[in-house]
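The following exercises concern helix packing and aromatic contacts. Each task is followed by a solution in steps.

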Amino acid sequence: MSEVDIASISEKRYTTKYYDGSKEVSKSDLIKLLTVLRNSPSSVNSQPWHFFIINNKNNPNLLLSGVLDFNHSRIADSTYTIVFCIRKSMDNEYLEHLTNTEINDNRFENLDIAQEMDKGRRYFVELNNSSSEELKNWESKQLYLALGQFMFAAA
């Protein structure tokens, strides 16, 4: 694997303000970027997010009513828009789903380790769940990790 010079990447980064509507993001590039999102780190592997991928060529007006006018062309001229969202809650059903998914993916040598991970995750969720605002704040920080991963991959 070749070495990545992140300082050089950061010197070349820029914020895209306008998109060339005649160019498209390929399906294979989109799949790679979505894989980065799926594999993004989060505190105690909580993954408190949803990502909605909108194909702007197939649904040109889907998001426009919720976006300020000066951003309309940015959506209309881009191939895809990815909306980053946090969960409304981290209830028992969701936490069980995470643990069961990790078990099914063979992430643990044995069930004792899975139970310890679940216990630790629940501790941190409860630690940050004394109010809906506190949970939202904690989840938003996790979402920023995914955004950072995504932006690095897209660079």
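**Exercise 1.** Does Phe 150 count as buried or exposed, and at what relative accessibility?

*Solution.* The model is predicted: local features need pLDDT of at least 70, side-chain atom pairs count only at pLDDT 80 or more, and totals for chains, interfaces and linings use all residues. Residues are numbered from 1 along each chain as its sequence is written, and side-chain values use heavy atoms, with hydrogens and water left out. Buried means under 20% relative accessible area, exposed over 50%, and partly exposed in between (1.4 Å probe, protein chains only). Phe 150 has 14% relative accessibility and therefore counts as buried.

**Exercise 2.** Determine how the ring of Phe 150 pairs with that of Phe 84, and place the pair in its cluster.

*Solution.* Step 1. A pair of aromatic rings is described by the distance of the centres and the angle of the planes. Rings of Phe, Tyr and Trp (its six-membered ring) pair if their centres lie within 6.5 Å; planes under 30 degrees apart count as stacked, over 60 as edge-to-face and the rest as tilted.

Step 2. The search of the whole structure gives 4 aromatic pairs. In one of them, Trp 49 and Phe 51 are tilted, at 5.7 Å centre to centre with 35° between the planes. Trp 49 is buried at 9% relative accessible area, whereas Phe 51 is partly exposed at 21%.

Step 3. The centres of the Phe 84 and Phe 150 rings are 5.9 Å apart and the planes stand at 75°, so this pair is edge-to-face. Because Phe 84 belongs to strand β2 and Phe 150 to helix α6, the pair ties together parts 66 residues apart in sequence. Phe 84, at 22% relative accessibility, is partly exposed.

Step 4. Ring pairs join Trp 49, Phe 51, Phe 84 and Phe 150 into a cluster.

**Exercise 3.** Identify the buried residues of α6 and the elements against which they pack.

*Solution.* Step 1. Helices (H or I, at least four residues) and strands (E, at least two) are DSSP runs, numbered from the N terminus.

Step 2. The buried residues of α6 are Leu 135, Trp 138, Glu 139, Gln 142, Leu 143, Ala 146 and Phe 150.

Step 3. With contact meaning heavy atoms within 4.5 Å, these buried residues pack against α2 (27–38), β1 (49–55), β2 (80–86) and α5.
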